[in-house]
Amino acid sequence: GGMATAYLARDLRMGRQVVVKIPHPEFLSVEGFRERFLREIRSLTDLNHPHVIQILDAGEFRGWPYAVLPYLAGGSLRKRLETGPGPLPTTGLDGWLEPVARTLDFIHDEGIVHRDLTPDNILFDRSDHVFLTDFGIAKALEKTPAHQTLTRSGIALGSIPYMAPEALEGEPGPAYDQYSLAV
């Protein structure tokens, strides 16, 4: 991804496959990045929702911050779009579109804008349950002037094909994610 590398790994204690995400090296030299990364991970552990991927563990190892997430064997929406015989039929939308929209409503109510909702960040488990993932550039909405943001303001972050045009002009709100979902 744009900010981190994801590795498929084996949790030896629990005997299961997991994903370990480690930020790209160039971010480690940015002052305060480690703290922001770990603070963001901690804030996401509070997002207890059935369609938000859960953080299993996080920390630092030899100066490298990391996050451990469940491995979802059903793949991404991107993979389904690319491997299908053509566009996904509209009859298949009801299995994932509504849960993702409701999940966005939930995170917005919690004061978080995802900012990078793409087919790569909509994942499925073996049973076809859908999960929203990769909050790597999520930004907490400022609730008070003293609230610490997770990314610097004034920077447009996201995947250009899914980015709302107004994102270049100011701070994104919930409409940003709604636009991305529609695309």
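Colleague: Which element gives the largest share of the lining of the second largest pocket?
Modeller: Keep in mind that we are looking at a predicted model. The second largest pocket is lined by 15 residues, and strand 1, strand 2, strand 3 (57-61) and strand 4 each give two or more of them. The largest share is four residues, and it comes from strand 2.

Colleague: Nice start! How many nonpolar residues are in the lining of that second largest pocket?
Modeller: The pocket has a volume of about 350 Å³, and R13, V20, D57, Y66 and V68 are the lining residues nearest its centre. Sorted by class, the lining has five charged residues and no polar ones, and its nonpolar residues number 10.

Colleague: Let's move to the hairpin of strand 1 and strand 2. Which residue there takes a positive phi?
Modeller: Strand 1 (residues 4-11) and strand 2 (residues 16-23) pair in the antiparallel sense over eight bridges. D11 has R16 in strand 2 as its bridge partner. Four residues lie between the strands, and the one with a positive phi, near 65°, is G15.

Colleague: I see that R115 also has a positive phi, although it is not a glycine. Is R115 buried or exposed?
Modeller: Let's place R115 first: it sits in the loop between strand 5 (112-113) and strand 6. Its phi is about 75°. Buried means under 20% relative accessible area, and R115 has 3%, so R115 is buried.

Colleague: And D128, what is its relative accessible area?
Modeller: D128 lies in the loop between strand 6 and strand 7. D128 is not a glycine, yet it has a positive phi of about 70°. This residue is partly exposed, with a relative accessible area of 43%.

Colleague: Now for the inside. Which element gives the largest share of the largest nonpolar core?
Modeller: That core has 29 residues, and W96, I107, I122 and F135 have the most contacts inside it. Two or more core residues come from each of helix 2 (33-45), strand 4 (64-70), helix 4 (97-109), strand 6 (122-124) and strand 7 (130-132). The largest share, five residues, comes from helix 2.

Colleague: One last thing: which residues of strand 7 (130-132) does I122 touch?
Modeller: I122 is one of the residues with the most contacts inside the largest core. Leaving aside residues up to four places away in sequence, its partners include G75, S76, L77, W96, V100 and L117. Strand 7 covers residues 130-132, and the partners of I122 in that range are V130, F131 and L132.

Definitions and conventions:
Residues are numbered from 1 along each chain as its sequence is written. This is a predicted model: local features need pLDDT of at least 70, side-chain atom pairs count only at pLDDT 80 or more; totals for chains, interfaces and linings use all residues. Side-chain values use heavy atoms; hydrogens and water are left out. A nonpolar core is a set of buried Ala, Val, Leu, Ile, Met, Phe, Trp, Tyr and Cys residues joined through side-chain atoms within 4.5 Å. Buried means under 20% relative accessible area, exposed over 50%, partly exposed in between (1.4 Å probe, protein chains only). Contact means heavy atoms within 4.5 Å. Two strands pair if DSSP finds at least two bridges between them. On a 1 Å grid over the protein atoms alone, a cavity is a set of points where a 1.4 Å probe fits but cannot get out, and a pocket is an open set with protein on both sides within 12 Å along at least five of seven lines; lining residues have an atom within 4 Å of a point. Grid points are joined across faces, edges and corners, and a volume is the space filled by probe spheres set on the points. Ala, Val, Leu, Ile, Met, Phe, Trp, Tyr, Cys and Pro count as nonpolar, Asp, Glu, Lys and Arg as charged, and the others, Gly among them, as polar.
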